[in-house]
Amino acid sequence: MRREVPVFLGSAAGVVILAAYFINYKPLATLSAELMNWGIIMSAFALCLASVNLVRKHVNQIARKEPVAPFSLALLIVFFGITLAGLFQGQNSAGFTFFYKGILEPVSASFYGMLGFYLLSAAFRTFRARSYEATLLLLSALAVMLGRATIGSLIWEGFPGLAEWFLGTPNAAADRGVLIGASLGLLSSGVRLMLGIDRAYLGSEE
Amino acid sequence: MSTDLTVWLAGILTLCAYSFLYKENPFYRLAEYLLVGVGAGYALVVGWTNILQKAIQPLQKGQIAVLIPVVLGLLLFTRFSRKQAWLSRYPIALMVCIGAAVALSGTIKEQLIKQIGATMLPLNSFDNIVFVAGVVTVLSYFFFTFKPTTAIQRGSALVGRSFLMVAFGSMVGSVAMLRTSLLIGRIDFVFKQWFHILK
Amino acid sequence: MKKALDIRWLYILLFLSIIVPMARPLGLPLKMGTWTKVVWDTLDKLTPNDVLLICPDFNPSIESELGPQRDALIYHLGQKGVKAIFVTFVPQGTQQTKKFITGLEAAGRKYGTDLVDLGFLAGEETALAAFFGDMKKACPKDARGTATADIPLLKNINTARDVKLLIHFAQSLPGTAEYVRQLGPYGITFVECVSTGAMATSVTYVQSKQALGLIAGLQGAAEYEMLNKHLAYATTAMDSQSLAYTVFIGAVIAGNVIYYIERKRARTK
Amino acid sequence: MIIKGREFSFLVFALLVVMTIYLMRRGKQSWSVRKIAGLDAIEESIGRATEMGRPVFFTPGGGDVVSGASAVDTMAAVEVLSYVASMTAKYKLKLTVGIRQANTYAVADQTVKEAYVAAGQPDLYSPDIVQFYSPEQFAYAASCVGYFQRERPSAILMLGWFQAEAVMLAEGAAQTGAITVGGMVKFNQLAMMVACCDYILIGEELYVAGAYLSQNKIKLACIRSQDFGKLAAIVAIIVGTLMVSAGNKALVKLFS
């Protein structure tokens, strides 16, 4: 019962939204809009839950004096710093902006930029024309890179056009094929969900 | 040299992050943990603003119906209790099913029917022929339960896989560009905004 | 160990390829792509009474790709003098909205009558669906705490059907696909501003005419700056970008030449 | 009754749902599935690990079994993990599983334990097999790469749900000289894996692998139903294309 009732209510909500999409009946549309509104409010709670979860985890790490405890402490300090600044002084305050500009902006951009070095390493050591398929992949990657870099158009005028062709024709076609397949996949996983067959997301049986 | 404390912090943390390229070290780890802490705090603040505007203020105005999602939202927090954790299944099941139904309703027309329709191109140019052939063969590559008995089936799947490889190549090429511009952004920051070496 | 040494030289080469053009701009010519031009032409036809919906759904992690696009759009829209509603579906998007509004206010637009910031909405695609269906219900107040029913700009605007055009900045979720799914019923066109990483998957929707056009990455921003005739960060960064790609291309070619030679040698043995 | 302009969508939707449910109900027999290259490679890589006596590494990526977005992909990866664990138990190989999410950890640990028991090797199971690295994206990726460099596994399997760290894992794995098998459903990060890994499971192949290895009849029925959907799409595209080429736009209008 502890699983069946939630699954049943969830399915019912899902069916209402699907029905409202197809059927022209005012009360159904109103109910569907209300359910979506609930979805937003619950998601906002979920966002806060994730933060509370994180705090618990790092408090535990500090309490257990794990090797990463000092880092956990630093994490908690900045967490409470930005939260307090945001809640009490507002999202336009100097304090909130300090954490955003001083930590969030530079560190997230740095990590994503760092992957460039891995990519360069892969470009030199791993992207090899080992087989027919790998050769196709390489040629298309080179065409896109040459077309989007100025160096390409200096070598041959046609590279930028070729890059747009690769992206807009064979790439878009493959993507379209995958998309149609994925939409069908979404549909069947939706059916499993509404029928209550897929329940892994509810966690283990207790 | 910049005299702004925020710029200094940002600069030092940028260097901490890149120190990973030499090897994994505590400075790198510090940057990672600080990022997670600030990101979570940020999410909490904007999430709370949503709750305030969409739940608490309407409740104060007497809109009792809002109580339902609020209670459901609060039930999420029962996950921290071993005994009551099952209660959190109500909001989770609702969120997952509402999300799936919303996505599903849009998928049928916009991503299935319209995408099929947009592929019906007149076969009067090389590009159109390649495009239609690409979509059809890629679809045929993802047949799993039909036995590939005829040469057409096998050939089509093979061509489809080739189209996929070209698509992957385009993505690899594009991602390479993304990563370089991010790197450019960081180097620009360090040398122009922090050290003022370059103009 | 010799190989590990090699790769670090390549890292230094990549670093140099970025920093040298910053110190001494090369002024490499930029060739205009068709996608960016379509977007610029569409936006250039707007009049001051047109209302846009702008959704900057991106994090600062890709600031150097989408930031220049944002700035180029601020410049263009500031000159056109259009009205704009801002809302975002990723938490950190609120900072991007702020940058937009500061920029457009500097161009003489007024908050409340020309611009409004509806902040962030949790719930990703569910929020998209709810917002497009009834904006004032989804956002009872704007980010500054004013009731949306009292905001002059929103007087005649209730659903996505009431805006002229949507501009969406995509990083991950909600991305192009989510917008296509939820905007479909309202029949309004939208412009995608994407990082080059998402370009390859977004282009399908441009082909199917479900999205109007695409500004892709730093290069898209540089092209936009050129069309604006107002050169800024993206144009100067493109020199570094071009040289850095050259290092990438060189690395791929060098790697394959080495591979080819090694294989030939192994065969003759 | 039906909203104007959505009649055809409703028809398509209803047909697909009815077909899926019908196939699920008569899915007593399990459908035979075509050969998937990446799936054979898993077996081959474990075989090679046996010859070399080096460990096997598996990671399902950063997905969470309880989050809607990544749950399906992660569960498919766990189904493959169950098979991998039964193989390593059979050949008495060292297995390490690197995990990013706490919920996924619980499921993966349980799965590995059951697989070892089912293979008749319960004493080979140890709680050290499944390791919970860190929910922090790059800390998790760095732990995996650190493991590759220290332990030099002979087979590295990265199947599941990955984000930007995919390139770090795939390149890190390729450098060790191990046989690498990558696979995920989301396409944007998959490209990096295709470029770096020896073998790959492309897109839905991961679902099929999971359903096939675990003989999950309902999921196999869904795959069967999707195959029919794809066939219908192909037929529609071919007919529509021919009609448009001949100047008849009836079908294009229906599909817009």
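In this predicted model, chain B and chain A bury about 9800 Å² between them, and 81% of that area sits on carbon and sulfur atoms. On the chain B side, the residues that lose the most area to chain A are B:Tyr33, B:Phe80 and B:Arg89, yet together they make up just 8% of what that side buries. The contact draws on 106 residues from chain B and 107 residues from chain A.

What about charges and polar groups here? Across the interface of chain B and chain A there is one salt bridge. It pairs A:Glu133 with B:Arg161, and the closest N and O atoms are 2.5 Å apart. Polar contacts add to the picture, with 13 residue pairs found across the interface of chain B and chain A (both residues at pLDDT 80 or more). Turning to the elements involved, those that give two or more residues to the side of chain B touching chain A are helix 1 (5-18), helix 2 (26-60), helix 3 (67-75), helix 4 (89-119), helix 5 (126-141) and helix 6 (151-194) of chain B. Helix 2 of chain B supplies the largest share, 27 residues. Sorted by class, this side of chain B has 74 nonpolar, 20 polar and 12 charged residues.

Now for chain D. The domain assignment splits chain D into domain 1 (37-214) and domain 2 (220-256). Taken over C-alpha atoms, the centres of these two domains of chain D are 37 Å apart. Five residues of domain 1 of chain D touch four residues of domain 2 of chain D. Between them, the two domains of chain D bury about 300 Å², with 67% of it on carbon and sulfur atoms. Of the area that domain 1 buries against domain 2, D:Glu204, D:Val208 and D:Ala211 supply 83%, more than any other three residues.

D:Glu204 turns up again in a salt bridge with D:Lys230, where the closest N and O atoms are 3.2 Å apart. The interface of the two domains of chain D has one salt bridge, along with one residue pair in polar contact (both at pLDDT 80 or more). By class, the side of domain 1 that touches domain 2 has four nonpolar, no polar and one charged residues.

Finally, there is D:Thr104, which lies in helix 4 (residues 102-118) of chain D. D:Thr104 counts as buried because its relative accessibility is 0%. A polar atom of the D:Thr104 side chain lies 2.8 Å from the backbone oxygen of D:Gly63. Leaving aside residues up to four places away in sequence, D:Thr104 touches D:Pro60, D:Gly63, D:Asp64, D:Val65, D:Thr74 and D:Ile99.

How values were computed
Residues numbered from 1 in each chain as written. Chains lettered and ligands numbered in written order. Predicted model: local features only at pLDDT ≥ 70, side-chain atom pairs only at ≥ 80, totals over all residues. Heavy atoms only, no water. Domains from an automatic or database assignment. Contact = heavy atoms within 4.5 Å. Buried area = accessible area lost by both parts, 1.4 Å probe. Salt bridge = Lys/Arg side-chain N within 4 Å of Asp/Glu carboxyl O. Polar contact = N/O pair within 3.5 Å; in protein donor to acceptor, adjacent residues only side chain to side chain. Nonpolar A, V, L, I, M, F, W, Y, C, P; charged D, E, K, R; others polar. Helix = DSSP H or I, 4+ residues; strand = E, 2+ residues; numbered from the N terminus. Buried < 20%, exposed > 50% of the residue type's maximum accessible area, 1.4 Å probe, protein only.
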